[in-house]
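Student: I would like to take a close look at a single part of this structure, the place where metal is bound. Please describe what surrounds it.

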Amino acid sequence: MTVTIEKLIDLLNMDLKLEYSAAIQYINHAAVMTGAAYGDIIKELKIHTNEEIQHAMILADQIDYLGGSPSVKVGEIHTSKGNDEMLQQDLDGEEDAIQRYKLRVEQAELLKEFALAQQLRTILAMEQEHAMDLKQALGK
Ligand SMILES: [Fe+2]
Ligand SMILES: [Fe+2]
């Protein structure tokens, strides 16, 4: 695996766009989701929203530190009228994020960007918690 700092900045900007879209998607899903059985997960979705915003702030700072321009674009957002379909859309997003951040930690370490790698590990651990919350709510 080879990666340049320019390539890593591009990839981090893709991650940043997807953090913005994850936050917006969680705001939407938490608002639209209904039913007493979903009360706990609706609270979790609101917590996830704030954590995705934190991830976006970390990534924007790191991209700037590396000499890049943090993106203000937003990635794709998935919506549904079905509670479980929304939760599955959220889980798909988290699983994609987990794969991306695992790779991103390796890429940061290859470039000896160890502080970035540490930040990405923290984000990765939080995405894994998000995925676990969603799996539990889906009975998986
Ligand atoms: Fe995130
Ligand atoms: Fe997440």
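Tutor: This is a predicted model, in which local features need pLDDT of at least 70, side-chain atom pairs count only at pLDDT 80 or more, and totals for chains, interfaces and linings use all residues. Residues are numbered from 1 along each chain as its sequence is written, chains are lettered from A and ligands numbered from 1 in the order in which they are written, and side-chain values use heavy atoms, with hydrogens and water left out.

The iron ion (ligand 1) has as its protein donors E19 (OE), E19 (OE), E52 (OE), H55 (ND1) and E127 (OE), at 2.0 to 2.4 Å. Donors are N, O and S atoms within 2.8 Å of the metal (3.2 Å for Na, K and Ca); water is not among the atoms, so sites may look incomplete. Along the chain, the donors of this ion follow the spacing E-x32-E-x2-H-x71-E. E52 also coordinates the iron ion (ligand 2), which lies 3.9 Å from the iron ion (ligand 1).

The pair E19 and H55 links distant parts of the chain: E19 belongs to helix α1 (residues 5-32) and H55 to helix α2 (residues 39-65), 36 residues apart. Helices here are DSSP runs (H or I, at least four residues), as strands are (E, at least two), numbered from the N terminus. E19 is buried, at 3% relative accessible area, and H55 is buried as well, at 0%. Buried means under 20% relative accessible area, exposed over 50%, and partly exposed in between (1.4 Å probe, protein chains only).
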